[in-house]
Amino acid sequence: MKGRALVITSGKGGVGKTTTTANLGTALAMMGKKIVLVDSDIGLRNLDVVMGLENRIVFDIVDVVNGNCKLKQALIKDKRFEGLFLLPAAQTKDKTAVTPHQMKNLVNELRKDFDFVLVDCPAGIEQGFKNAISGADHAIVVATPEVSSVRDADRIIGLLEAAGLNGPQLLVNRLRGKMVKKGDMMNIEDIVDILSIDLLGVVPEDESIVVSTNRGEPVVIETTSRAGAAYRRIARRITGEEVPILSLDESNNFVDRFKKILKLAR
Amino acid sequence: MILLDVLAKMFTKESVSSKDIARERLRLVLVHDRSSVSPNFLNALKEDLIKVIREYMDIDEESLSVHLENEENSVALVANIPVKGFKRVANDVEVQA
Ligand SMILES: Nc1ncnc2c1ncn2[C@@H]1O[C@H](COP(=O)(O)OP(=O)(O)OP(=O)(O)O)[C@@H](O)[C@H]1O
Ligand SMILES: [Mg+2]
């Protein structure tokens, strides 16, 4: 069976593409899927450190397309999860070191062996973006609830559709429930309405992401993390399971719920 | 005009949440962003317009012009379509209505 290739993109930088790639990949691997994460941010590689695999890199994506090594040799196996692999970006080269055509061939090669190929896209709309999307059959657009991020997401959605990648899905990251309640942050309905795009899921702002990134451990491993819970729900949705989208964020915040119940009881 | 409402509210000290301001600014900036369309898009639109209007009246297809005009708070589709004459069918529809 042929695997699916998803590109995680955003336009604007720093909104959580790499965090999302690492966590969705890990969550899918925890569900027993065979996953390869491809870092296409050549020159600014980061997926390796977010995954905690930076010390194990021998070859990278540019070595593979240049024929310096076999594809299998460049794949780093994650020791924590069966079936989770990383293809790192090159750090010394630039975005033009790989062509869209080479990228497409590479992704198609990976599809044969994996259930999902997740491509972490660099920020921007130039060559790096074009490379990243060239092998994908589906796109996840990450945006934070801010004017600049949603605006860039809109531009990216237009470019994806022009490139034939129809039906991209939106992942809203760093939502702050409290600010939304106060009317100081756009809510999910506002964003989905403006972009008129399918919503894949919502990840809350969560300090545990910083802590787990410090350790090189994806946050989905933390059972108590709200962002981790959100990513696990989104991963289930990606495999076709029907998981309802929660209104404020994807975490099932038991403490908040408990407080509500207490209030009702009084 | 919704922007004006928001601004009006701001000045009359009725409280407008910052997210409403964000949403309105976003709506406007996207209208402008999305209006930078390709010539192909406008040509396709023009051809479809001609097809529809031809059913109702005789128009001068050669001197027909269609373009988008940007203003501060909005974008308008401006079409200038010289009419040569009306078709009887169109008049009939009028009478019946
Ligand atoms: N839900 C969240 N809560 C808290 N911090 C977050 C969240 N998501 C991402 N971050 C933090 O935001 C920063 C940027 O995230 P990340 O590197 O994933 O973004 P990116 O889109 O890949 O950036 P770039 O465009 O530079 O590749 C990181 O420091 C990350 O830890
Ligand atoms: Mg990144």
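**Notebook: sheet of chain A and its contact with chain B**

I began with one residue pair: Ile140(A) stands opposite Gln169(A) in β7(A). The model I am reading is a predicted one.

I then looked up the strands around that pair. Strand β6 of chain A covers residues 138-143 and β7 of chain A covers residues 169-175. They run parallel and are joined by four bridges.

Next I traced the whole sheet. It is open, has eight strands and mixed pairing, and its order in chain A is β3-β4-β2-β5-β1-β6-β7-β8. I checked the edges: β3 (76-77) and β8 (198-204) of chain A each have a single partner strand, so one side of each is left without a neighbour in the sheet.

I looked for what packs on this sheet and noted helix α1 of chain A, residues 17-30. Helix α1 touches β1 (4-9), β2 (35-39), β4 (84-87), β5 (116-120), β6 and β7 of chain A. The direction of α1 makes about 165 degrees with that of β5(A).

I turned to chain B and its strand pair. Strands β2 (residues 65-70) and β3 (residues 75-80) of chain B run antiparallel, with six bridges between them. A hairpin of four residues connects β2(B) to β3(B). Within this pair I found Asn70(B) opposite Val75(B) in β3(B).

Then I went to the interface. Chain B brings 11 residues to the contact and chain A brings 12. The buried area between chain B and chain A is about 1100 Å², and carbon and sulfur atoms give 60% of it. I noted that Lys19(B), Leu26(B) and Arg34(B) supply 45% of the area that chain B buries against chain A, more than any other three residues.

I listed the polar side of the interface last. Eight residue pairs are in polar contact between chain B and chain A, both residues being at pLDDT 80 or more. On the side of chain B that touches chain A, I sorted the residues by class: four are nonpolar, two polar and five charged.

For salt bridges I have 16 over all chains and four across the interface of chain B and chain A. One of them pairs Asp190(A) with Lys19(B), where the closest N and O atoms are 2.9 Å apart. I also found Asp154(A) and Arg34(B) in a salt bridge, at 2.4 Å from N to O. Asp154(A) lies in helix α7 (residues 147-162) of chain A and Arg34(B) in helix α2 (residues 18-34) of chain B, so this pair joins two chains.

Notes: Residues are numbered from 1 along each chain as its sequence is written. Chains are lettered from A and ligands numbered from 1 in the order in which they are written. This is a predicted model: local features need pLDDT of at least 70, side-chain atom pairs count only at pLDDT 80 or more; totals for chains, interfaces and linings use all residues. Side-chain values use heavy atoms; hydrogens and water are left out. Contact means heavy atoms within 4.5 Å. Buried area is the accessible area (1.4 Å probe) that two parts lose on being put together, summed over both. A salt bridge is a side-chain nitrogen of Lys or Arg within 4 Å of a carboxyl oxygen of Asp or Glu. A polar contact is a pair of N or O atoms within 3.5 Å; within protein, one must be able to donate a hydrogen and the other to accept it, and residues adjacent in sequence count only if both atoms are side-chain atoms. Ala, Val, Leu, Ile, Met, Phe, Trp, Tyr, Cys and Pro count as nonpolar, Asp, Glu, Lys and Arg as charged, and the others, Gly among them, as polar. Two strands pair if DSSP finds at least two bridges between them. Axes are lines fitted to C-alpha atoms, for helices over the stretch in contact, and angles run from 0 to 180 degrees between N-to-C directions.
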